[in-house]
Amino acid sequence: MPYKDKEKGRQRAKENYWKNREKRILQVKRYYKKNWAKRNKQKKQWAKKNKEKLREYRKNYYKRYYQTEKGKAILKKSGKKWLESNKFKRLCHYAVRNAIRRSELIKPKRCTQCNRKIRMLGHHPNYTKPLDVLWVCHDCHMAFHHLNFTRKPE
Ligand SMILES: [Zn+2]
Ligand SMILES: [Zn+2]
């Protein structure tokens, strides 16, 4: 009877399915793991090659993001923070100016880094110490800020 054979075949297929299930899952898992590592490596290489492109992309992304309601709220909040910390920096600069006027602080004639005799700038290594300034020229000041600039680990 053809009906019975069909039923038997179906039964066997079902059994095979369950028998091979674990094996298949393992295979798929292994495949994804291998490919994931490979793709991750490719992604990193691509990012290295396309640094400028990525930067542009990020810039556009944030531009768009800050136009959304959520982004606007964050911008407002961080803007306030920026203003507050800048206010504090300005106060530090005033403190330095006043200290010089009172001769509590002496502004040297030469850059403490390159020893050139030009206009000095007071660099604050630490804004919690307003009168702890390092006197440098413009060039050395720029170098300071770039050298001391460390990106937050991502
Ligand atoms: Zn200098
Ligand atoms: Zn500075």
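## Exercises on a predicted four-helix, two-strand model

Helix H3 has 33 residues and reaches 48 Å from its first C-alpha to its last, close to the 48 Å expected at 1.5 Å a residue, where the expected span is 1.5 Å times one less than the number of residues. This is a predicted model, in which local features need pLDDT of at least 70 and side-chain atom pairs count only at pLDDT 80 or more, while totals for chains, interfaces and linings use all residues. Residues are numbered from 1 along each chain as its sequence is written, and chains are lettered from A and ligands numbered from 1 in the order in which they are written.

**Exercise 1.** Determine how the elements of the protein are ordered and whether the fold is spread out or compact.

*Solution.* Helices (H or I, at least four residues) and strands (E, at least two) are DSSP runs numbered from the N terminus, and from that end the elements run α-α-α-β-β-α. The radius of gyration, taken over C-alpha atoms, is 32 Å, well over the 15 Å that the globule rule gives for 154 residues, so the protein is more spread out than a compact globule; the rule is 2.2 Å times the number of residues to the power 0.38. Along the principal axes, the C-alpha atoms fill a box of roughly 115 × 40 × 25 Å.

**Exercise 2.** Establish how well helix H3 is covered, and classify Gly79 as buried or exposed.

*Solution.* A residue is buried if 20 or more other C-beta atoms, placed from the backbone, lie within 10 Å of its own, exposed if 12 or fewer, and partly exposed in between. By this criterion 5% of the 154 residues of the protein count as buried, and H3 is hardly covered, with one buried residue among its 33. Gly79 lies in H3, which covers residues 69-101, and is exposed because 10 other C-beta atoms lie within 10 Å. Just after H3, Ser103 takes a positive phi of about 65°.

**Exercise 3.** Identify the largest nonpolar core and list the contacts of Cys137.

*Solution.* A nonpolar core is a set of buried Ala, Val, Leu, Ile, Met, Phe, Trp, Tyr and Cys residues joined through C-beta atoms within 7 Å, and the largest comprises five residues: Cys111, Met120, Val136, Cys137 and Cys140. Two residues are in contact if their C-beta atoms, placed from the backbone, lie within 7 Å; not counting residues up to four places away in sequence, Cys137 touches Cys111, Cys114, Arg116, Ile118, Met120 and Leu121.
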